[in-house]
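Colleague: Let us go through this model by question and answer. Please give the cut-offs as you go.

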Amino acid sequence: YPDALSRAPDNQETSLYDHLIEALFAHFLADFKSDRDAASEYFVVSFTSNPDLLSQWRAYGKENAGYCIKFNWTGLQYPISNPLDGMILKIEYIDPDDLSAAQKKLDDLKQEWKPEFLEVMPWLKTGDTEEYRKMLKRFLELEETHGDQFTMSLDTEGKSYPAEVDMNDPDPDWYTKIHEFIFFILYPTLSTIACTGKHHSFREEDEYRLLRKRDENVLSNLNIEAKIKFKEGRTRIVPYIEIQSNFKKKKIIEDVIVGPCPP
């Protein structure tokens, strides 16, 4: 969908609702790919449930030597005690030629949000392409002035919504609903896919990732200092953050295995 949000579908094979959801994903996926600042907020620690794999020793062992550290799974995840803590997610190994899993995830989201979208945007239900075009036009106009700012409607029970798009409304309900979807569903979904998807040729690694998002605004509001540090990598300087843990009170490391190395 190149420039999908700037036009309505050309035919009736795609419903206006389906077009809107897919166009939003296409539009913000392009933003997500190009937003280096957003990507730099994520830090990852990789683990494996396959502790003695020759390819892992070769890839990650240093100069014919290395150590495999066994961590306590529960100790890594609980308790979540500070804003740098995140979640441990299993890597999904993906065949780039098979889009069935991604399509199923998209279809599930469509079904979940369909009642709310159709209620707030009646033209999606009636298939009124003219009103839909007006909505897309107004949406792009509001994006230039509002950005990521929107006000959630907390009490919507029994509320009725206009059947036509008011091009002069500075804060329409349908705009709020779209941004609720973007903020709570679209961006988290894209972030999770980006951080947990890997080519299927790496399947034997059986990888898990501890994903942590370092939000500068949140840290600043909580008056917490968490500086980004740097270390030498194999090919470049690697940014990282330190995660504090009291190893005396919380047993996280259970075992250490010495890898293949010269005698």
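Colleague: Is E130 buried, partly exposed or exposed?

Modeller: The model is predicted, so local features need pLDDT of at least 70 and side-chain atom pairs count only at pLDDT 80 or more, while totals for chains, interfaces and linings use all residues. Residues are numbered from 1 along each chain as its sequence is written, and side-chain values use heavy atoms, with hydrogens and water left out. Buried means under 20% relative accessible area, exposed over 50%, and partly exposed in between (1.4 Å probe, protein chains only). E130 has 48% relative accessibility, so the class is partly exposed.

Colleague: Which residue forms a salt bridge with E130, and how far apart are the closest N and O atoms?

Modeller: A salt bridge is a side-chain nitrogen of Lys or Arg within 4 Å of a carboxyl oxygen of Asp or Glu. Helices (H or I, at least four residues) and strands (E, at least two) are DSSP runs, numbered from the N terminus. E130 and the partner sit 3 residues apart in helix α7, about one helical turn. The partner is R133, with the closest N and O atoms 4.0 Å apart.

Colleague: Which residue pairs with K177 in a salt bridge?

Modeller: Side chains of opposite charge can pair when their charged atoms come close. Here the partner is 3 residues from K177 in helix α8, about one helical turn. Both residues are buried. The closest N and O atoms are 3.2 Å apart, and the partner is E180.

Colleague: Which residues share a salt-bridge network with E205?

Modeller: E205 is buried, at 9% relative accessible area. The side chain of E205 meets K198 in a salt bridge, 2.9 Å from N to O. K198 is buried too, at 16%. Through shared partners, E205 is joined in one network with K198, E207 and R209.

Colleague: What does N50 touch, leaving out residues up to four places away in sequence?

Modeller: N50 lies in the loop between β1 (42-48) and α3 (54-60). The C-alpha atoms of N50 and E204 are 8.1 Å apart, although 154 residues separate them along the chain. Contact means heavy atoms within 4.5 Å. By that rule N50 touches E204 and E205.

Colleague: Which element gives the largest share of the largest nonpolar core?

Modeller: A nonpolar core is a set of buried Ala, Val, Leu, Ile, Met, Phe, Trp, Tyr and Cys residues joined through side-chain atoms within 4.5 Å. This one has 35 residues, and L24, F117, L124, M135 and W174 touch the most other members. Elements giving two or more residues include α5 (100-120) and α8 (173-196). The largest share, 9 residues, comes from α1.

Colleague: Which residues is F117 in contact with, leaving aside neighbours within four places in sequence?

Modeller: F117 is one of the core members that touch the most others. The contacts of F117 are Y17, L20, I21, L124, K177, I178 and F181.

Colleague: Which elements give two or more residues to the nonpolar surface patch?

Modeller: Patch residues have over 30% relative accessible area and no salt bridge; like charges are joined within 9 Å, nonpolar side chains (Val, Leu, Ile, Met, Phe, Trp, Tyr) within 5 Å. The members are Y67, I69, F71, I253, V256 and V258, with about 560 Å² of accessible area together (Shrake-Rupley method, 1.4 Å probe; for residues, only the protein chains shown count as cover). I69 is partly exposed, at 42%. The elements are β2 (67-71) and β9 (253-258).
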